Amino acid sequence: MVVVSSKPSTESARKPSHPPNRRRVVVTGMGVETPIGRNPDEYYNNLLEGVSGISEIEGFDCSNYPTRIAAEIKTFSPDGFVAPKLSKRLDKFTLYILAVGKKALADGGLTASQMEEMDKSRCGVLIGSGLGGMKIFSDSVETMYTISYKKLNPFCVPSTFTNIGSSLLAMDLGWMGPTYSISTACATSNFCILNATNHIIDGDADMMLCGGSEAPILPLGVAGFVACRALSERNDDPTKASRPWDSGRDGFVMGEGAGVLLLEELEHAKKRGANIYAEVLGGSFTSDAYHPTKPHPEGTGAILCMEKALSQSGVTREDVNYINAHATSTPAGDIKEFQAIVHCFGKNQELKVNSTKSMIGHLLGAAGAVEAIATIQAIQTGWVHPNMNLDNPDKDVDMNVLVGQKKERLDVKVAMSNSFGFGGHNSTILFAPFR
């Protein structure tokens with residue numbers, strides 16, 4: 001099935017107020033690598049149809065683990081994106097960044113001549129990861145203790161750094177603007193997207209590739225989250241395991257992949273005739289200052305983050321009628337976020353909320369980026385995807401607010417995308433149709 005885009009009506013939406021003389025930031029390209037799609041349209045069509053990417057883990061033998069399911073990318077090849085010699089020594093999270101970053105550029109319609117003419121000192125890369133090169137790290141430790149430190153790959157240390165993907169992509173493109181990574185656990189992508197936005201607003205750059213990547217489905221990655229008691233153990237029914245806001249949820253499901261946005265200053269995008277998907281109105285970061293892994297019991301940090309995002313972006317509560325929630329399918333986190341949303345938007349009768357993780361699991365540091373793309377696709381198509389597996393809604397949620405188990409029509413006025421991470425990191429981004 002191919003979704004036919006329908007331009008959202010602009011009649012009912014109040015145009016968000018832009019501070020005078022502030023540089024505006026728009027999304028002109030998107031790239032994804034997910035368990036249910038390798039490009040934005042395939043990915044979003046599958047979300048709309050309720051397709052799940054969760055299944056038994058095939059990447060390693062986990063028969064003795066209490067969790068044996070994940071949202072794996074079963075086939076991935078960096079061919080055409082990364083030189084074969086280089087790809088052999090890079091961690092998969094870095095390969096995802098290089099491939100998906102180039103997909104976003106291609107989706108942005110940048111021609112070879114335009115790339116040559118651009119001022120590359122004003123183009124940057126800000127793509128992060130929560131865990132970085134975990135496979136190379138794990139393999140290197142095993143080599144050191146079972147063979148010898150003399151057998152370590154000379155690239156083993158830099159290949160584990162979260163900044164290596166941004167760095168290599170910038171080298172490949174010759175981009176010399178702001179280039180680095182941020183690692184704030186599961187809030188990583190949103191932090192990267194917002195900081196990239198701010199670089200453009202502040203005049204540091206005209207174009208930024210930003211987002212997140214993660215490749216954590218490994219013995220160490222799964223075992224680590226098992227030790228946290230954070231993962232679902234619904235091994236007998238993998239596609240039903242991730243169930244945000246359902247009373248039967250028992251933990252999140254790990255996922256992998258990457259998402260990258262191409263952001264541009266508005267006049268820069270117009271000058272080259274770029275297709276504009278959406279506008280980034282702004283956002284906010286806050287800290288719970290409470291606990292390394294538990295959400296604040298009053299949702300204080302999440303509430304503050306959403307309220308600051310609204311005030312700093314010149315958006316009213318009534319303007320927001322769609323939220324792509326962080327909701328990971330954990331007993332505590334889902335409800336605390338829902339209560340925080342109700343606190344902020346309780347009187348907004350138009351509001352609809354969903355969680356992409358019900359189908360692709362939790363991509364950790366890449367979650368915010370692939371969810372931002374889902375949010376932008378909702379703006380583009382006028383459809384919001386279902387909340388799958390919401391069979392028995394938790395008693396503390398309101399089904400008038402949550403999207404059901406079928407896609408729903410929605411003329412998105414302003415959309416909010418939330419990402420919250422271990423360490424108490426909160427982040428909120430606001431997107432809107434470009435007008």
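Biologist: What makes the space of about 710 Å³ the volume of a pocket?

Modeller: The largest pocket holds about 710 Å³ of space, and it is called a pocket because, on a 1 Å grid over the protein atoms alone, it is an open set of points where a 1.4 Å probe fits, with protein on both sides within 12 Å along at least five of seven lines. Its volume is the space filled by probe spheres set on the points, which are joined across faces, edges and corners. The model is predicted, so local features need pLDDT of at least 70 and side-chain atom pairs pLDDT 80 or more, while totals for chains, interfaces and linings use all residues. Residues are numbered from 1 along each chain as its sequence is written, and side-chain values use heavy atoms, with hydrogens and water left out.

Biologist: Why are 36 residues said to line the largest pocket?

Modeller: Lining residues have an atom within 4 Å of a point, and 36 residues therefore count as lining here, with T293, P295, T330, G333 and F422 nearest the centre. The largest share, six residues, comes from α12, a helix because it is a DSSP run of H or I with at least four residues, whereas strands are runs of E with at least two, both numbered from the N terminus.

Biologist: What makes seven residues of this lining charged?

Modeller: Asp, Glu, Lys and Arg count as charged, Ala, Val, Leu, Ile, Met, Phe, Trp, Tyr, Cys and Pro as nonpolar, and the others, Gly among them, as polar, so the lining divides into 14 nonpolar, 15 polar and seven charged residues.
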